[in-house]
Every structure is written in C-alpha cells, then in structure tokens.
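This report describes the architecture of a single protein chain. It proceeds from the sheet to the helices and the core, and then to selected loop residues.

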Amino acid sequence: MSHFATYMERNKAFANTGAKEHVPEIPFIPFEQTFVITCIDPRVEPAAVLGVELGEAIVLRSVGGRVTPAVLQDVAWISHLHEAKTPDADWFDLAVIHHTDCGSGLFADAGLRRDFVARGGYDDATIAGLAVLDPAVTVRKDVELLRSSPQLSSRVHVSGHAYDLRTGLLTTVVD
Ligand SMILES: [Zn+2]
C-alpha cells in the first residue's frame, strides 16, 4: 500500500458528498477572488492556516513561495485570461506569503547548493537568491517583482505577508 492510498480512500468519501457541486462557474473567478502564492511546506497548508475552502481561492505553491519565472508565467496567464474573458468581474487579491524556518533557507548553504547546481546545471547566484532567510525581506522583494511585471494586469492587487510557524499568525508586510 502506498502512502497515497489514504488519499484515494478520502477521495471516494469526498465524491460521495455534495461538496463537489459547490465550485465556481469560471475557475479563474474563485468565490473569494483571491490568489495565494505560498511555500510547498506542509506546515503552511492554506486550507488549514487560512481556512481556504474548495473553490474559494487559486493557490500556487513553490519552494519558499518565491516568485520564479515559472510562477510569474502562471500568474500572468490567469491575469490575461481574466482581462480577456471576464474584464468586468472583480479583480484579484494576490497575496504572497513567506514563512519563518523555511526550508528554502538551505539554498544559502554553499556546500549543499554546489552539488545541486552541478546536478541540474542551474545558475548558482539565481539559486542562492531563492533562500527565504527573513520572510519580511523576501516577500517585499517578490511583491515588488510582481508589481513591476508588465505581464500582469495593473488591476491585480498584490500584497505580501509573513507567516510565523511558532505563533501560527500571519502578519501583513506590504499591503
Ligand atoms: Zn518554506
């Protein structure tokens, strides 16, 4: 039995409820018109930490919740769809969340990074720059990146937040 078998079972239970019927008509217009970018860390699961329910928000997760070119492209695509298909609908609250004790901090470890960079042929400085050592500092940087990206509609409202694993509280860094 794989670990995933648990979720296959839970999925059967889910499919037997009416929850699947209560989803947005247009997937890029979720109920709370919110787009969250956060870390893949299981300790910061948005369903638990923010109480995000089915159909309420678009959640995009990356290591550290960093806005990499791939993340930016995905956000830009949703922004483009919104502008082209539903320009009169409410615009997004795009919230970027970085957190304390983030595993991405290990990108700052030169030894670890050296082998990783060699393995993938990555750019060392780019990888080093992904480390979240102080969430308030890096989240500000990523909010600025999103706000200055011409790929994104200026109607998207971007904010930045830091999540403290010890207290369980989110603090707004950039509103
Ligand atoms: Zn993290």
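Two strands are taken to pair if DSSP finds at least two bridges between them. In this predicted model, β1 and β3 satisfy that criterion, pairing in the parallel sense over 4 bridges.

**Overall organisation**

The protein contains 6 helices and 5 strands, arranged along the sequence in the pattern α-β-α-β-α-β-α-α-α-β-β. Its C-alpha atoms fill a box of roughly 50 × 50 × 35 Å along the principal axes. Of the 175 residues, 23% count as buried. Among contacts with a separation of 6 or more, 66% involve residues 24 or more positions apart.

**The sheet**

The 5 strands form an open sheet in the order β2-β1-β3-β4-β5, with mixed pairing. β2 (57-62) and β5 (169-174) stand at the edges; each has a single partner strand, so one side of each lacks a neighbour in the sheet. From one strand to the next, the twist averages 25°.

Strand β1 (34-39) is flanked by β2 and β3 in the strand order. It runs parallel to β2, to which 6 bridges join it, and it also pairs in the parallel sense with β3. Of the 6 residues of β1, 5 are buried, and the strand is thus described as mostly covered. Individual partners of β1 residues are listed below.

| Residue in β1 | Partner residue | Partner strand |
|---|---|---|
| Thr-34 | Asp-93 | β3 |
| Val-36 | Ala-95 | β3 |
| Thr-38 | Arg-61 | β2 |

**Helices on the sheet**

Helix α3 (residues 69-85) packs on the sheet and touches β1, β2 and β3; its direction makes about 165° with that of β2. Helix α6 (residues 135-147) lies across β3, β4 (157-164) and β5, running at about 165° to β4.

Does the length of α6 agree or disagree with that expected of a helix? At 1.5 Å a residue, its 13 residues should span 18 Å, and the end C-alpha atoms are 18 Å apart, so the two values agree. The buried residues of α6 are Pro-135, Thr-138, Val-139, Asp-142, Val-143 and Leu-146. These residues cover an arc of only 140° around the axis, which puts them on the same side of α6. The buried residues of α6 pack against β3, β4 and β5.

**The nonpolar core**

The largest nonpolar core has 26 residues. Those with the most contacts inside it are Phe-35, Val-36, Leu-94, Val-96, Ile-97 and Leu-146. At least two residues of this core come from each of β1, β2, β3, α6 and β4.

Leu-94 illustrates how these elements meet. Apart from neighbours within four places in sequence, Leu-94 is in contact with Phe-35, Val-75, Leu-146, Val-156, His-157 and Val-158. Of these partners, Phe-35 and Leu-146 are also among the core residues with the most contacts. Leu-146 is, in addition, one of the buried residues of α6. Val-36, another of the core residues with the most contacts, has Ala-95 of β3 as its bridge partner.

**Loop residues**

Most residues other than glycine have a negative phi. Two loop residues of this model have positive values instead. Gln-33, which is not a glycine, has a positive phi of about 45° and is found in the loop between α1 (5-15) and β1. Asp-101 has a phi near 55°, also positive in a residue other than glycine, and lies in the loop between β3 and α4.

Are these residues buried or exposed? Gln-33 counts as partly exposed because it has 18 C-beta neighbours inside 10 Å. Asp-101 is exposed, because 12 other C-beta atoms lie within 10 Å, and 12 or fewer is the cut-off for that class.

Thr-100 is found in the loop between β3 (93-99) and α4 (110-120). With 17 C-beta neighbours inside 10 Å, Thr-100 counts as partly exposed. Not counting residues up to four places away in sequence, Thr-100 touches Pro-135, Asp-164 and Leu-165. The C-alpha atoms of Thr-100 and Pro-135 are separated by 6.2 Å, although the two residues are 35 residues apart along the chain. Pro-135 is itself one of the buried residues of α6.

How values were computed. Residues numbered from 1 in each chain as written. Predicted model: local features only at pLDDT ≥ 70, side-chain atom pairs only at ≥ 80, totals over all residues. Buried ≥ 20, exposed ≤ 12 C-beta atoms within 10 Å, placed from the backbone. Contact = placed C-beta atoms within 7 Å. Axes fitted to C-alpha atoms, helices over the stretch in contact; angles between N-to-C directions. Core = buried A, V, L, I, M, F, W, Y, C linked by C-beta atoms within 7 Å. Expected span 1.5 Å × (residues − 1). Arc of directions from axis to C-beta.
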